[in-house]
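Student: I have a model on screen and want to learn how to read it. Where do we begin?

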Amino acid sequence: MIDLHLHILPGMDDGPVSWRKAIKMAVMASGTGTTVAAATVHGTLTGKAARAYVLAYQRILYKMQCQLKERRLPLRLVSGMEILSDGDVIGRIRRGEALTLNQSPYVLIEFEFDVPALQIYRDLDRLLD
């Protein structure tokens, strides 16, 4: 099974608060048959703060991947962000402010809860173009 949305990285937005809890999550995920997971974080920042966040994310992801390998856990973590749709998702990805799923052309998009359906359709249509 592949999980495309797993907040598993410790200290990153609403993920676990410690490495111990992150490893426990990985054990649980692999125990339920998950073999690959996108270690997602929220991609809501822009500009220099976003690029710094991406670099921090990549360091923590690498460290977590090493932790799983050391423990021989059969869970492969790949990169990814849950990107808040703001009309400039593609620009943010191109500027290194947001990440696609596993460096692929696929994105995980989130919308504000109160966004009108028409705006969702427009934003998704723009992404598909």
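Tutor: Begin with a strand pair. This is a predicted model. In it, β2 and β3 pair in the parallel sense, over eight bridges. For one bridge, take Thr 40: its partner in β3 is Gly 80.

Student: What does the chain pass through between β2 and β3, and what is the hand of that crossover?

Tutor: The chain leaves β2, runs through α2 and enters β3. This β-α-β crossover is right-handed.

Student: Which other strand pairs with β3, and over how many bridges?

Tutor: Strand β4, residues 108-110, pairs with β3 in the parallel sense. That pairing has three bridges. Glu 82 has Leu 108 as its bridge partner in β4. The connection from β3 to β4 goes through helix α3, residues 89-94, and this β-α-β crossover is right-handed.

Student: Is β3 mostly covered or mostly open?

Tutor: Mostly covered. Of the nine residues in β3, eight are buried.

Student: How do I read a nonpolar core?

Tutor: Start with the general idea. In soluble globular proteins, nonpolar side chains tend to be buried together. Now the case here. The largest nonpolar core has 26 residues. Ile 8, Met 64 and Leu 77 have the most contacts inside this core. The elements that give two or more residues to it are α1 (19-31), β2 (36-43), α2 (47-70) and β3 (76-84). The largest share, six residues, comes from α2.

Student: Which residues does Met 64 contact, leaving aside its neighbours within four places in sequence?

Tutor: Met 64 is in contact with Ile 8, Leu 9, Trp 19, Ala 22, Ile 23, Ala 26 and Leu 77. Ile 8 and Leu 77 are thus named twice: as contacts of Met 64, and with Met 64 among the residues with the most contacts inside the core.

Student: Now step back. What pattern does the protein follow along the sequence?

Tutor: Read in order, the pattern is β-α-β-α-β-α-β-α. The secondary structure comes to four helices and four strands.

Student: How do I judge the overall size?

Tutor: Compare the radius of gyration with the globule rule. A compact globule of 129 residues would have a value near 14 Å; the protein has 15 Å, so the two agree. The C-alpha trace spans about 45 × 30 × 25 Å along its principal axes.

Student: And burial, surface and contacts for the whole protein?

Tutor: Buried residues make up 40% of the 129. The protein exposes about 7800 Å², with 58% of it supplied by carbon and sulfur atoms. Among contacts with a separation of 6 or more, residues 24 or more positions apart account for 68%.

Key: Residues numbered from 1 in each chain as written. Predicted model: local features only at pLDDT ≥ 70, side-chain atom pairs only at ≥ 80, totals over all residues. Heavy atoms only, no water. Core = buried A, V, L, I, M, F, W, Y, C linked by side-chain atoms within 4.5 Å. Buried < 20%, exposed > 50% of the residue type's maximum accessible area, 1.4 Å probe, protein only. Contact = heavy atoms within 4.5 Å. Pairing = 2+ DSSP bridges. Right-handed = clockwise from strand over helix to strand, strands pointing away. Rg over C-alpha atoms; globule rule 2.2 N^0.38 Å. Areas by Shrake-Rupley, 256 points an atom, 1.4 Å probe, with all protein chains shown as cover.
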